[in-house]
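Me: I have a model open and would love to walk through its packing with you. Shall we take it one question at a time?

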Amino acid sequence: MSEPPMPTATPHEDGFVVRGLVWAWKNYDLIKTRVKGVREWIFGKPHAVSTVASEPPRGVLIIGSGGAGKSTLARILSGDFTWLTDDPWEYGESYGIEQYTLQDDPKVSVVVPPGQHARRHTLWSQIEQDLSAGKYRGVILVSAYGYHSLAQGSYKGHPLYSGNKDQFLAEFTIRGREDEIAILKRLDPHIRAASGKMWLLSLVVKEDLWFKERDAVQAFYGGGEFKTLTEDLSRHRGVSNFRYELLPLSLVISNFMSRDGEMLRTNTAGYDHRRQVESVRRLFEVLQALMEWEAQP
């Protein structure tokens with residue numbers, strides 16, 4: 001695992017990006033040390049729970065809508081620390097099931113299916129069967145408050161566009177949130193059916209975009225239908241057999257743009273790379289807590 005290069009200062013009107021990147025670079029060793037144990041646990045190294053010694057460790061499923069940030073999350077968990085000094089991120093559509101491993105271990109234990117509607121029918125069936133069969137000890141559900149990156153070129157070619165960009169963005173994100181609920185509902189029976197201890201971590205990413213709306217975000221994921229579904233799951237499986245966590249964070253900092261480079265929404269002024277890295281640090285703290293819970297008899 002190589003150290004990311006020291007960031008080169010670039011002009012920025014408020015200096016937040018430069019200061020945040022320098023902070024991340026200076027704290028690289030600390031960050032790497034803190035996440036090492038959790039990362040090894042995620043990838044089934046010394047802390048993995050297996051009921052039979054000869055069986056491979058149960059994996060982790062990362063799932064969610066298309067363009068929510070699943071591949072970026074898997075990249076971080078697999079040990080790619082270049083996100084510390086990344087320039088604004090660009091969406092890359094997934095066409096198949098992605099698999100991530102530790103560099104020194106060929107076993108596949110983190111699975112990321114694509115989230116686009118057109119690919120769910122053919123690629124999610126086996127994933128759901130494996131989930132029901134108890135092959136995953138944990139599920140990371142990635143949401144983004146509806147800010148799912150556009151796969152097509154211009155937003156003006158989207159079926160929801162009717163001549164007003166702001167109205168399009170509002171309707172687009174509403175549809176995105178509806179899809180996030182639909183995915184949780186789709187996972188629900190398979191999580192209920194799975195044997196053994198299991199945890200569900202709900203990540204609400206792209207905090208840099210919706211930070212000013214955080215009260216509404218908390219109300220959506222911490223209340224309403226989303227809360228009802230997760231509470232019902234917890235009651236069904238029981239506290240000794242299931243744990244649920246909800247965490248907002250930003251994996252990257254980027255404006256919300258179409259594939260053609262059209263600006264749909266700027267990221268929140270003042271949401272710098274230091275805040276981003278801090279949010280990812282909280283992610284690893286939650287994963288550490290899940291690791292300790294999983295190890296309990």
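Me: Over the ring of which residue does the charged end of Arg177 sit?

Reply: Happy to help; first, a word on the source. This is a predicted model, in which local features need pLDDT of at least 70 and side-chain atom pairs count only at pLDDT 80 or more, while totals for chains, interfaces and linings use all residues. Residues are numbered from 1 along each chain as its sequence is written, and side-chain values use heavy atoms, leaving out hydrogens and water. A charge sits over a ring if NZ of Lys or CZ of Arg is within 6 Å of the ring centre and within 35 degrees of the ring normal. For Arg177 the distance to the centre is 4.0 Å, and the ring belongs to Tyr145.

Me: Nice. Which helix gives the most residues to the largest nonpolar core?

Reply: A nonpolar core is a set of buried Ala, Val, Leu, Ile, Met, Phe, Trp, Tyr and Cys residues joined through side-chain atoms within 4.5 Å, where buried means under 20% relative accessible area, exposed over 50% and partly exposed in between (1.4 Å probe, protein chains only). The largest one has 35 residues, and Leu131, Leu141, Leu187, Ile191, Leu200 and Phe256 touch the most other members. Elements that each supply at least two residues include β1 (59–64), β4 (136–143) and α5 (165–193); helices (H or I, at least four residues) and strands (E, at least two) are DSSP runs, numbered from the N terminus. With eight residues, the top contributor is α5.

Me: How many residues of β1 are buried?

Reply: Gly59, Leu61 and Ile63 point one way from β1, Val60, Ile62 and Gly64 point the other way, and all are buried. Six bridges join β1 to β4, and the two run parallel; strands pair if DSSP finds at least two bridges between them. Leu61 stands opposite Val139 in β4. The count of buried residues in β1 is six of six.

Me: Staying with β4, with which side chain does Arg137 make a polar contact?

Reply: Arg137 is found in strand β4 and is buried, with a relative accessible area of 0%. A polar contact is a pair of N or O atoms within 3.5 Å; within protein, one must be able to donate a hydrogen and the other to accept it, and residues adjacent in sequence count only if both atoms are side-chain atoms. Here the side chains are 3.0 Å apart, and the partner of Arg137 is Glu294.

Me: How far apart in sequence are the parts that the pair of Tyr147 and Phe256 ties together?

Reply: Rings of Phe, Tyr and Trp (its six-membered ring) pair if their centres lie within 6.5 Å; planes under 30 degrees apart count as stacked, over 60 as edge-to-face and the rest as tilted. Tyr147 and Phe256 are edge-to-face, at 5.3 Å centre to centre and 90 degrees between the planes, and both are buried. Because Tyr147 lies in the loop between β4 and α5 and Phe256 in strand β7 (residues 256–257), the pair ties together parts whose separation in sequence is 109 residues.

Me: And is Phe242 buried or exposed?

Reply: Phe242 has its place in strand β6 (residues 242–248). Leaving aside neighbours within four places in sequence, Phe242 is in contact (heavy atoms within 4.5 Å) with residues including Ile191, Leu200, Leu233 and Trp293. Its relative accessible area is 5%, so Phe242 is buried.
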